Amino acid sequence: MTAQNSKTPRALAQASGTFTIGGDLTVNRLGFGAMRLTGQGVWGPPADRDECVRVLRRAVELGVNFIDTADSYGPYISEDIIHEALYPYSSHGGLVIATKAGLLRTGPDVWIPLGNPSYLRQEAEMSLRRLGVDTIDLFQLHRIDRNFPLADQVGELLNLKNEGKIRHIGLSEIDADQLKEAQQVTQIVSVQNMYNLSSRGAEPLLDYVTGQGIGFIPWFPLAAGPLAAPDGPLQRIAADHDATPSQLALAWLLKRSPVMLPIPGTSKVAHLEENVAAAEITLSDDEFETLAAAAAQ
């Protein structure tokens, strides 16, 4: 019996442990990324909107209380579906919804950085309306736009924070030097970079934020490539845990750092249940090192 079939009745996400974002928002570390609640190319509506609504509601049932989205997913569609599925959010306990702005969408798979402070403010105001909240828990600069000073982009988010429209500020796809520059403007509580077993270019940033107690949200967390081949190390160790390679890849991330907040996304309930069941997998130090070494090769 696989992990997802035997363990779905309970709030599995709690087994991933907790992390407190910004000192006041405590979440279960295994969250949900809402990019997949859209059409192909992260553009337009999903093929099955009702299933996407079920995914979100099931995620919360399973103990997921950190959901990450962005204005650019759809665009706007992911936020709309979150509102449809989960509003009022207070009925689900301490549910934290993070969103982002800073990418302009002009078509499928097209992502254009746009950090004009007035644009960031506009998108934040629209996200407030779509999500139906007075304050966004975590608002992230989706990409730094090199056409505007970083201090101006982060500074506009600080203005919104001072107005009570956002609670905490995060950054996405940055390096440690950019984080330090932004920290000269205001507190940064999270970073979001691509990171997984096979793609570990953000390791220096991860080490820095681990030391600082800043949340690290790895996007594309399930990419495992050759590691997941039938005779690969991921498959062999997964078999020992009666788990799937994807579950093991998530378990590896959770063990990598206490500030790690993986957000695997899907538009299918069955896949969601499999992902969340990874919270109950504990790798030994030897298993962790074996996978890390294999990925490095």
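This tour goes from one helix to the open sheet and then to a helix lying across two of its strands. The model is predicted.

**Helix H2**

Select residues 49-61, helix H2. Display its two end C-alpha atoms: they are 19 Å apart. At 1.5 Å a residue, 13 residues should span 18 Å, so the two values agree.

Step to the start of H2 and show Asp48. One of its side-chain oxygens comes within 3.3 Å of the backbone nitrogen of Asp50. Now jump past the other end. Gly63, just after H2, has a positive phi of about 95°.

Next, colour the buried residues of H2: Glu51, Cys52, Val53, Val55, Leu56, Arg58, Ala59 and Val60. What covers them? Add strand S3 (32-33) and strand S4 (66-68), then helix H3 (77-86) and helix H10 (269-277); the cover includes these four elements.

**The sheet**

S3 and S4 lead into the sheet. Show its seven strands in the order S3-S4-S5-S8-S9-S10-S11. The sheet is open, and the pairing is parallel. Which strands stand at the edges? They are S3 and strand S11 (215-219). Each has a single partner strand, so one side of each lacks a neighbour in the sheet.

**S9, S10 and helix H5**

Zoom in on strand S9, residues 166-172, and strand S10, residues 190-194. The two run parallel and are joined by three bridges. For one bridge, pick Ser172 and its partner in S10, Gln192.

Finish with helix H5, residues 150-162. H5 lies across strand S8 (136-141) and S9. Its direction makes an angle of about 160° with S9.

Technical notes:
Residues are numbered from 1 along each chain as its sequence is written. This is a predicted model: local features need pLDDT of at least 70, side-chain atom pairs count only at pLDDT 80 or more; totals for chains, interfaces and linings use all residues. Side-chain values use heavy atoms; hydrogens and water are left out. The expected span of a helix is 1.5 Å times one less than its number of residues. Buried means under 20% relative accessible area, exposed over 50%, partly exposed in between (1.4 Å probe, protein chains only). Contact means heavy atoms within 4.5 Å. A polar contact is a pair of N or O atoms within 3.5 Å; within protein, one must be able to donate a hydrogen and the other to accept it, and residues adjacent in sequence count only if both atoms are side-chain atoms. Two strands pair if DSSP finds at least two bridges between them. Axes are lines fitted to C-alpha atoms, for helices over the stretch in contact, and angles run from 0 to 180 degrees between N-to-C directions.
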